[in-house]
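Here's a quick briefing to read with the model open beside you. It goes through charged pairs, pockets, cores and one helix, in that order.

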Amino acid sequence: FLISLGLFVAKSSPLISHEMWLDTTTFQQSVGKDIQISLKNGQMFQGAGLSYFKSRFSDFYYISNNKKHEIESRMGDTPAATISTDINGLLTAIYVSKKSTINYKSMDKFANFASEKGEDWVIQKHAELKFPVNNFKEEYYRFSKILIGVGDANGSDKNVGLKHELVALTNPYLISSSNEFFVQLLFNKEPQKNRQITIFERDVENGVSILTILTDSNGIGKFEVTEGHDYLVDNVILELSDNPEDDIFWKSYWAALTFRASNDPH
């Protein structure tokens, strides 16, 4: 890792928030072979697989060779998707959740979550607006992407127009000897400067470490990757609720991107 780019956190550090991401055991696969995609919820890049339920998402699809394919599974399937493609190249799968709501019994957990994700301003704003410090709610939305290398894995990730999106500017399956990886953070299709990005790195023994970096003026963040390791990159943006009702005072938007760093084609 490029420690100078951010804060390195030991794997024993406690985390407040529960991430949601797309995961797989087949980050690289041969053309025409099955690829299983899991919808995971947990902490420290480790968690339980969620089943496929249409009521929980607004979009679930993959892009291969610039073509969009809807993902259809049976209700209750775990993992959430099994797909195969006869197209060589980089495949991007996308999951967009419907609205969910969380209730905070006290301010502490909310403040710790906001601070953990680099949104400290929220804590002061909550006090300024005299919002309740007990039993208030936040609604949240998840925007998750996964990059999978099929065959030679050629190609590139693209901005697919999500409200909140991390776009890989590097193909992780064609990494260079420098092993530098670049991502761009977009919100409402606009680059987000000086935003915190969290990188979870999972090694071959499933040990996980964390790095946080800040985006530059073009919304781009840079970090080093290790070949054979898996990565979950995420960002959270908090906003005031437009019309607070039912004690919902905040909205959060979560962008996640997962991939494996490797230049070993299949």
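Are Asp157 and Lys145 buried or exposed? Both Asp157 and Lys145 turn out to be buried. Keep in mind that this is a predicted model. With that said, here's the rundown by topic.

**Salt bridges around Lys145**

- Across the structure there are 17 salt bridges.
- One of the salt bridges pairs the side chains of Asp157 and Lys145, at 3.0 Å from N to O. This pair links distant parts of the chain, 12 residues apart: Lys145 sits in strand E11 (136-150), while Asp157 is in the loop between E11 and strand E12 (164-168).
- Lys145 also meets the side chain of Glu165 in a salt bridge, with N to O at 2.9 Å. Glu165 belongs to strand E12 and Lys145 to strand E11, so this contact ties together parts that are 20 residues apart in sequence.
- Glu165 is buried, just as Lys145 is.

**Salt bridges around Asp230 and Arg260**

- Over in another pair, Arg260 and Asp230 join through their side chains in a salt bridge of 2.6 Å, N to O. Here strand E19 (residues 248-260) provides Arg260 and strand E18 (residues 230-245) provides Asp230, and the two are 30 residues apart.
- Why does Arg260 count as partly exposed? Its relative accessible area is 24%, and the cut-off for buried is under 20%.
- Asp230, with a relative accessible area of 6%, is buried.
- Shared partners also pull Asp23, Lys40, Arg202, Asp230 and Arg260 into one network of salt bridges.

**The largest pocket**

- How much volume does the largest pocket have? It comes to about 400 Å³.
- Its lining takes in 22 residues, and those that lie nearest the centre are His18, Asn41, Ser100, Tyr140 and Arg142.
- Several elements supply at least two lining residues each: strand E4 (35-43), strand E9 (89-97), strand E10 (100-104), helix H1 (107-116) and E11.
- Sorted by class, the lining of the largest pocket has 10 nonpolar, six polar and six charged residues.

**The second largest pocket**

- The second largest pocket holds about 220 Å³ of space.
- It has 13 lining residues, with Asn65, Asn66, Leu90, Ser156 and Lys158 nearest its centre.
- Which element gives the largest share of this lining? That's E9, with three residues.
- Eight of the lining residues of the second largest pocket are polar, three are nonpolar and two are charged.

**Nonpolar cores**

- As background, nonpolar side chains in soluble globular proteins tend to be buried together.
- In this model the largest nonpolar core has 42 residues, and Phe60, Phe223 and Phe259 are the ones that touch the most other members.
- Another core, of 15 residues, lies apart from that one and includes Tyr104, Phe136, Tyr140 and Phe249.
- Tyr140 is worth a second look, being among the members of that 15-residue core and also one of the residues nearest the centre of the largest pocket.

**Helix H1**

- Which residues of H1 are buried? They are Met107, Phe110, Ala111, Phe113, Ala114 and Glu116.
- An α-helix has 3.6 residues a turn, so residues three or four places apart point the same way.
- Just past the end of H1, Gly118 has a positive phi, at about 75 degrees.

Definitions and conventions
Residues numbered from 1 in each chain as written. Predicted model: local features only at pLDDT ≥ 70, side-chain atom pairs only at ≥ 80, totals over all residues. Heavy atoms only, no water. Salt bridge = Lys/Arg side-chain N within 4 Å of Asp/Glu carboxyl O. Helix = DSSP H or I, 4+ residues; strand = E, 2+ residues; numbered from the N terminus. Buried < 20%, exposed > 50% of the residue type's maximum accessible area, 1.4 Å probe, protein only. 1 Å grid on protein atoms, 1.4 Å probe; cavity = no way out; pocket = protein on both sides within 12 Å on 5 of 7 lines; lining within 4 Å. Points joined across faces, edges and corners; volume = space filled by probe spheres on them. Nonpolar A, V, L, I, M, F, W, Y, C, P; charged D, E, K, R; others polar. Core = buried A, V, L, I, M, F, W, Y, C linked by side-chain atoms within 4.5 Å.
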